[in-house]
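Visitor: I should like to take a close look at a single part of this structure. Please describe that part with some care.

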Amino acid sequence: MADNDLITIPGLWNFQYNYFAGATASRFFNALRHEARIYGTQCAKCGRVLVPARSFCDACFVETQGWIHTGPGGVLEIFTIVATQFPGLPPPPFVIGYVTLDGADTAILNRVEGVDLGDIDVAAKKLMARVRVTAKFSDERQGRITDFVFVPQSPP
Amino acid sequence: MPRCFVHGAGLRMGWADMQFSLPELIYQAVSAALEDSRRHIGEIDSVVLSAHDLVDGRSLSSMVTAPAAGAYLKEEIRLAEDGLAAVSLGSAQIEAGEAELSIVAAWGRASEGDHEHTSRAMLDPFMLQPFALDELSISSLRLSEWIARHGECRESRQRAVAARAGRAGRNSRSVQANVRPRVEFPLHASEAPRFADVAAAVILGRQESPVCITGVGHSAESGELGSRKLGAMRALREAVSRGLAASRTTIEQMHLLQLPGPTVPDEALALEVLDLAAPGEAFEMYASLAHINPSGGGESGWCFPTVGLLNFIECYLQLTGQAGDVQLADRQRAMALGVSPAGAQIAHAVVLEAA
Amino acid sequence: MSRAVAIAGVGQTKYLRRHAELSGAELVRQAVLRALRDADIDLDAIGLIVGGVAPDALAGVNHIDLSSIVRPGTPYFRVNTGGATGSSALLAATSWLRAGRCDAALVVALERMGHATTSQKVFNSIFDPIYEKDISLSTISMVAMRATMLMQEQGFTVDHWAGLAAKNSKSAQLNDTLDRPRLFTAADVLASPILAWPIHALEACPMSEGACVAVLMAQPLVGKRKVAWIQGAAGLTDTYAMGDRMRRPQGSLVDLHTLIRSAEKAYSQAGITRPAEQIDCVEIQAPFASAEAMAYLALRLCEARSGPRFADTLIAGTARVAVNPSGGPQAANPVSATALIRIAECALQVRGMAGLRQQDGIRRAVATGQGGATQFSTCVVLGSERP
């Protein structure tokens with residue numbers, strides 16, 4: 001059959017969801033908003049401080065305890081520089097990466113700003129050195145993970 | 001052939017509890033099942049899960065949820081299918097000697113999601129979606145076919161509704177909130193199920209315990225809605241007969257039958273299909289047979305893909321004398337049924353026996 | 001008690017951006033008929049169908065398997081483990097046959113992403129809506145971050161990524177399930193736009209849809225058929241949070257822990273003690289070169305610290321083991337099917353039926369599967385000897 005005769009029908013999926021963050025994640029987000037602090041919880045069995053805060057350790061399958069202030073400094077473990085526009089995602093270029101905050105045993109994801117992205121290969125080389133970064137909170141916070149970004153401690 | 005035994009169960013059923021995220025509810029249900037079985041997470045070899053991405057609102061839901069179900073560094077498979085299929089696969093792994101002790105879990109949080117729209121999205125985009133049919137529409141069509149043969153039978157339908165409501169009311173596990181999917185004529189709102197947030201888990205094992213899985217049965221129907229005789233419930237009927245054959249029992253020997261619904265007519269009409277009610281007597285028999293859905297069926301709580309596992313857990317609780325105010329006196333043999341969307345196009349049956 | 005299980009037949013459609021002329025059911029039927037013919041068995045003899053369909057959003061039809069895969073009267077269930085779906089479905093069917101529930105099963109994986117206008121937005125919705133969705137994580141940026149760690153820790157370079165991508169594109173030329181596969185050099189890769197550093201555009205696989213089917217048979221039914229025996233199979237799940245896997249005692253983020261352990265289990269079942277010598281062919285499910293490189297070590301095809309040197313031998317064409325003779329998922333990666341395609345390609349190699357892409361002397365082949373952000377791993381060992 002000729003392509004002109006083949007029928008397609010447009011469709012759009014637009015389902016509404018309302019995810020319950022739960023008390024633990026809510027407390028984490030409230031602390032971002034009201035205290036500009038990043039908290040973790042600790043597993044009694046393996047001793048890891050988990051960031052972001054979780055109510056249970058899935059490796060040991062037991063509840064966590066405590067509420068531990070971590071950071072604001074930390075190490076940028078891995079990163080990428082998003083250089084292409086993907087539909088539905090923010091305009092490039094921007095850096096995202098995982099940071100192990102001081103006092104934490106797991107790394108947390110966020111954007112890294114304040115990096116000169118004029119030459120991407122040069123920027124990447126500098127960030128590859130597992131640089132130290134600091135969490136920088138915005139003045140207007142909403143209790144979402146985007147309330148802070150990471151910035152390098154010494155300008156690269 | 002090694003058999004498969006049930007070692008414990010855990011259940012979290014509620015509605016819109018903002019204290020807990022979905023992974024936390026799953027963690028609670030699985031932890032409760034482990035505790036009930038007096039076994040430890042370290043002894044688990046395998047995890048078989050039932051969850052659906054569009055129910056969870058996450059495009060690969062088990063990434064976040066499987067670890068909450070105890071899957072960390074374990075063999076794990078997730079089915080996008082009714083929870084009873086996970087029970088069946090879990091028992092196959094044990095029968096094959098691949099696992100000694102397994103977690104089987106299913107979940108669905110109706111309060112987070114958008115059942116009406118995700119349900120409509122399963123129907124053929126070209127032929128059926130323009131008419132905004134959804135899961136409950138298929139239940140309506142099935143009832144209308146029955147009514148064409150037997151009449152509206154409002155009184156006996158009301159008796160069946162009252163019986164189901166009474167059973168659910170006595171079942172301490174029932175969801176309290178009264179949120180139901182919209183239904184269309186000829187279904188009445190009281191015949192619809194109640195939505196629930198469900199996280200459920202069982203522990204299956206090779207070692208002996210008081211409850212054994214003695215047989216499973218599965219079947220399916222065509223995907224063409226127009227070519228199916230909805231009232232004949234062919235998939236359900238075949239799954240049941242295969243399960244009974246595998247366990248070498250008859251339906252009369254079942255002290256308990258947990259049917260998946262979701263509506264009262266779906267539950268009642270199954271009795272005619274299974275020869276437990278004469279044609280036209282479905283609702284009368286449903287109301288009078290105490291061993292059919294003593295839990296209250298869809299009135300106690302409903303959320304795909306958990307129903308088959310909920311039914312399995314009810315059977316387990318009954319056979320171990322833990323069913324509380326809905327406990328039946330006879331508790332030797334039970335059958336749990338689970339079905340897929342599109343009006344039970346796929347059906348699963350599992351027979352349990354007390355030692 | 002456990003019976004031996006074999007792959008007796010394989011059927012694949014072509015993998016295209018869009019099969020505009022075929023419905024999902026028609027795609028499945030094409031692949032099913034090919035597989036049944038290859039296995040010399042009728043549909044009546046099939047006692048179980050396991051469907052493999054991954055993100056529903058790519059097909060845009062909820063429960064697409066109900067209308068495309070399910071057969072009246074035949075027991076059925078659907079598996080969804082993301083990119084590992086095709087292999088998890090096979091593992092489930094294998095358990096069923098080993099338990100003696102029936103003697104023959106179909107594993108049917110259907111990918112209908114031809115319906116989708118974009119896949120990245122869908123892939124973004126796999127991440128934790130509570131903690132991560134707001135940061136626009138995507139599968140490509142996920143892969144990119146791992147690639148940076150491999151470069152930091154193990155000495156891989158952007159030239160390795162480009163060279164491996166070029167190697168795969170060359171192998172793909174001989175794969176008749178592909179439609180005009182792209183052919184490019186390492187220099188072409190490096191010259192293509194950066195998606196997320198260090199990943200370049202030519203490394204990313206095109207969107208493809210199609211169906212792949214495998215016929216599984218338990219030993220009593222096999223008879224004189226030329227089959228590929230399942231000698232070992234395992235599939236493990238890791239924690240979700242990439243941040244938890246950064247540097248843990250079991251290994252870092254790039255140590256693919258669940259693949260290491262799945263391979264250990266599968267090798268042990270298959271009696272493999274020296275994988276670099278005893279495995280002839282490997283199909284790795286890794287849609288990017290850096291992901292492929294992680295698998296070399298996890299599968300013990302080379303020693304620790306020797307990944308870059310092993311990659312050099314693959315790029316030069318001097319390696320003993322054939323890696324991705326089909327061209328691998330960089331040539332075509334229909335998400336629901338890709339892990340089954342890896343297994344199917346290994347089965348064809350072991351049975352000597354891989355056509356122009358047949359490698360010499362393949363007695364043992366290993367296929368890997370990956371789901372999520374390398375969270376789910378599977379490993380299947382196939383061989384010409386019955387276990």
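Visitor: Which residue in strand 5 of chain B is the bridge partner of B:G8?

Guide: The model is predicted, so local features need pLDDT (the predictor's confidence in each residue, from 0 to 100) of at least 70, side-chain atom pairs count only at pLDDT 80 or more, and totals for chains, interfaces and linings use all residues. Residues are numbered from 1 along each chain as its sequence is written, while chains are lettered from A and ligands numbered from 1 in the order in which they are written. The model as a whole has an ipTM of 0.96 and a pTM of 0.94.

The partner of B:G8 is B:I203. Strand 5 of chain B covers residues 197-205; a strand is a DSSP run of E with at least two residues, numbered from the N terminus. Strand 1, residues 4-14 of chain B, runs antiparallel to strand 5, and nine bridges join them. Two strands pair if DSSP finds at least two bridges between them. Strand 4, residues 101-109 of chain B, is likewise antiparallel to strand 5 and is joined to it by nine bridges. Here B:A105 stands opposite B:A201 of strand 5.

How is strand 5 covered? Nine of its nine residues are buried, that is, 20 or more other C-beta atoms, placed from the backbone, lie within 10 Å of each residue's own. In a regular strand, side chains alternate between the two faces of the sheet. One side of strand 5 in chain B carries B:D197, B:A199, B:A201, B:I203 and B:G205, and the other carries B:V198, B:A200, B:V202 and B:L204. Both faces are covered. B:I203, the partner of B:G8, is thus among the buried residues.

Key:
Buried ≥ 20, exposed ≤ 12 C-beta atoms within 10 Å, placed from the backbone. Helix = DSSP H or I, 4+ residues; strand = E, 2+ residues; numbered from the N terminus.
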